[in-house]
Amino acid sequence: MDHILVTGGAGFIGSNFVHHVVANTDLRVTVLDKLTYAASRESLDGLPADRVSLVVGDIVDAPLMERLAGEHDAIVHFAAESHNDNSLHDPSPFVQTNVVGTFSVLEAVRKAGIRLHHISTDEVYGDLELDDPERFSERTPYNPSSPYSSTKAGSDLLVRAWVRSFGVQATISNCSNNYGPWQHIEKFIPRQITNVIDGGRPKLYGAGQNVRDWIHADDHSSAVLAVLREGAIGETYLIGADGERNNLEVVQQILRHFGRPADDFDHVTDRPGHDLRYAIDSTKLRTELGWSPRFTDFEQGLADTIEWYRAHEDWWRPHKQAVESAYAAKGQ
Ligand code: NAD
Ligand code: DAU
């Protein structure tokens, strides 16, 4: 494997992955990205031009996908509409990109006969009770809740069918909540960090008891690379770093970092159908592929992420007012 195509590589996790690949391998990378509101060219700044190039285009564009598949050895497919709240407002782009787009990627891969790794989410499994001793594993039945997670579940099922019916050489990974640099400020952690930088208050949906299983985006990248290189065709691998925290705890840690009082936040309107808890059992990935996370100290990883947003105000500032106005219109 020499030259890979990374769809969605100008988004949050995709760009972290491209940086990880350049730093840790000799692979050459083409990024295919539609440059939606969620993308940023700046996240690819500083990468060597002889190793990384950008094609601006849509994965739904079948002739483009077929041409690019023919020019590469593998596709790592991150491109998606990724924000649950947006999917509740307008599900249409989620169906287009996540389902129809993945169909287009699969057909291109099938015709070119190249390797595919499909990036998915733990949200396909639905949610867990707070006191459930079980965590999600590769054997957990699919039970998605939102338009976002149902389109991701649909895309996973398409990949499984293309493996079985057409012999496509694909693997799938389902990861938990990522944090780190270059995450759009519509998402929970960067929204709260930038609110506090602005002297405002964090906004907690409902009581703030919902639990997410946080993993640093660089650990997600190393896991994806491990599956791309060593994963068994047709297999699914869950990616997680044992990072369960409820939303209130995360908000209070951000407040503590800035020296603000622990109760200096607002409760706002809850998300309809809000999943209660996600938790990943990543035993298969760790035992079969020998992967382990590097960022095991969430407090330190979050502190570094806060400092990144402090140092990159020019990156997020132009979007802050519009993001907050859209949330305010929904009482959030
Ligand atoms: P993101 O929204 O930050 O980035 C998505 C990228 O895909 C953007 O650059 C966007 O321009 C691009 N894109 C969207 N539609 C496209 C299209 N039709 N054609 C080409 N490019 C298109 O998302 P993210 O948080 O980086 O998530 C990346 C992937 O990881 C998604 O598949 C998501 O489901 C999955 N995932 C995310 C998380 C998380 O915590 N953020 C966790 C597990 C899995
Ligand atoms: O679990 C993986 C998923 O994690 C990915 O598949 C998604 O692409 C990614 O966006 C993320 O989904 P969530 O819905 O869990 O992430 P979000 O950042 O939107 O919210 C995290 C939690 O914080 C969730 O319980 C909702 C809550 N929340 C969110 C926002 C934006 C708040 O309490 N206040 C907020 O302002």
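Which residues are the closest to ligand 1, and how many surround it? In this predicted model, ligand 1 is surrounded by 28 residues, of which the closest are Ile13, Asp33, Ser82, Tyr148 and Lys152. By class, this shell divides into 13 nonpolar, 11 polar and 4 charged residues. Polar atoms of the protein backbone take part in the surroundings of ligand 1 at two positions: a nitrogen atom of the ligand is 3.1 Å from a polar backbone atom of lysine 34, and an oxygen atom of the ligand is 3.0 Å from a polar backbone atom of threonine 36. A side chain is involved at tyrosine 148, where a polar side-chain atom lies 2.6 Å from an oxygen atom of ligand 1. Of the 840 Å² that ligand 1 exposes when taken alone, the protein buries 96%. Two or more residues of the shell around ligand 1 come from each of helix H1 (12-24), strand S5 (115-121) and helix H5 (147-166), and it is S5 that gives the most, with 3 residues.

The surroundings of ligand 2 were examined in the same terms. Ligand 2 is surrounded by 25 residues, and the closest of these are Thr121, Asp122, Tyr148, Arg271 and His274; Tyr148 is thus listed among the closest residues for ligand 2 and also for ligand 1. The side chain of tyrosine 148 has an N or O atom 2.6 Å from an oxygen atom of ligand 2, while the side chain of threonine 121 has an N or O atom 2.7 Å from an oxygen atom of this ligand. The backbone is represented by lysine 203, a polar backbone atom of which is 2.8 Å from a nitrogen atom of ligand 2. On its own, ligand 2 has 700 Å² of accessible area, and the protein covers 94% of that area. Helix H6 (188-197) and strand S8 (203-205) each supply at least two residues of the shell, whose composition by class is 7 nonpolar, 10 polar and 8 charged residues.

Aspartate 85 was considered next. This residue is found in helix H3, which spans residues 84-89, and, with a relative accessibility of 4%, aspartate 85 counts as buried. When residues up to four places away in sequence are not counted, aspartate 85 touches Tyr205, Arg271, Tyr327 and Lys330; of these, Arg271 is also listed among the residues closest to ligand 2. With tyrosine 205, the contact of aspartate 85 is a polar one between the two side chains, at 2.7 Å. Aspartate 85 and asparagine 195, by comparison, are 110 residues apart in sequence, and their C-alpha atoms are 18 Å apart in space.

A further description concerns helix H2. In this helix, which comprises residues 62-70, Leu64, Met65, Leu68 and Ala69 are buried. Viewed down the axis of H2, the buried residues fall within an arc of 130°, and they therefore line one face of the helix. Pro63 and Gly70, which are exposed, are carried on the face of H2 that is turned away from its buried side. The partners against which the buried residues of H2 pack comprise four strands and a helix, namely strand S1 (3-7), strand S2 (28-33), strand S3 (52-56), strand S4 (74-77) and helix H4 (92-112).

Terms used
Residues numbered from 1 in each chain as written. Chains lettered and ligands numbered in written order. Predicted model: local features only at pLDDT ≥ 70, side-chain atom pairs only at ≥ 80, totals over all residues. Heavy atoms only, no water. Buried < 20%, exposed > 50% of the residue type's maximum accessible area, 1.4 Å probe, protein only. Arc of directions from axis to C-beta. Contact = heavy atoms within 4.5 Å. Near = heavy atom within 4 Å. Polar contact = N/O pair within 3.5 Å; in protein donor to acceptor, adjacent residues only side chain to side chain. Areas by Shrake-Rupley, 256 points an atom, 1.4 Å probe, with all protein chains shown as cover. Nonpolar A, V, L, I, M, F, W, Y, C, P; charged D, E, K, R; others polar.
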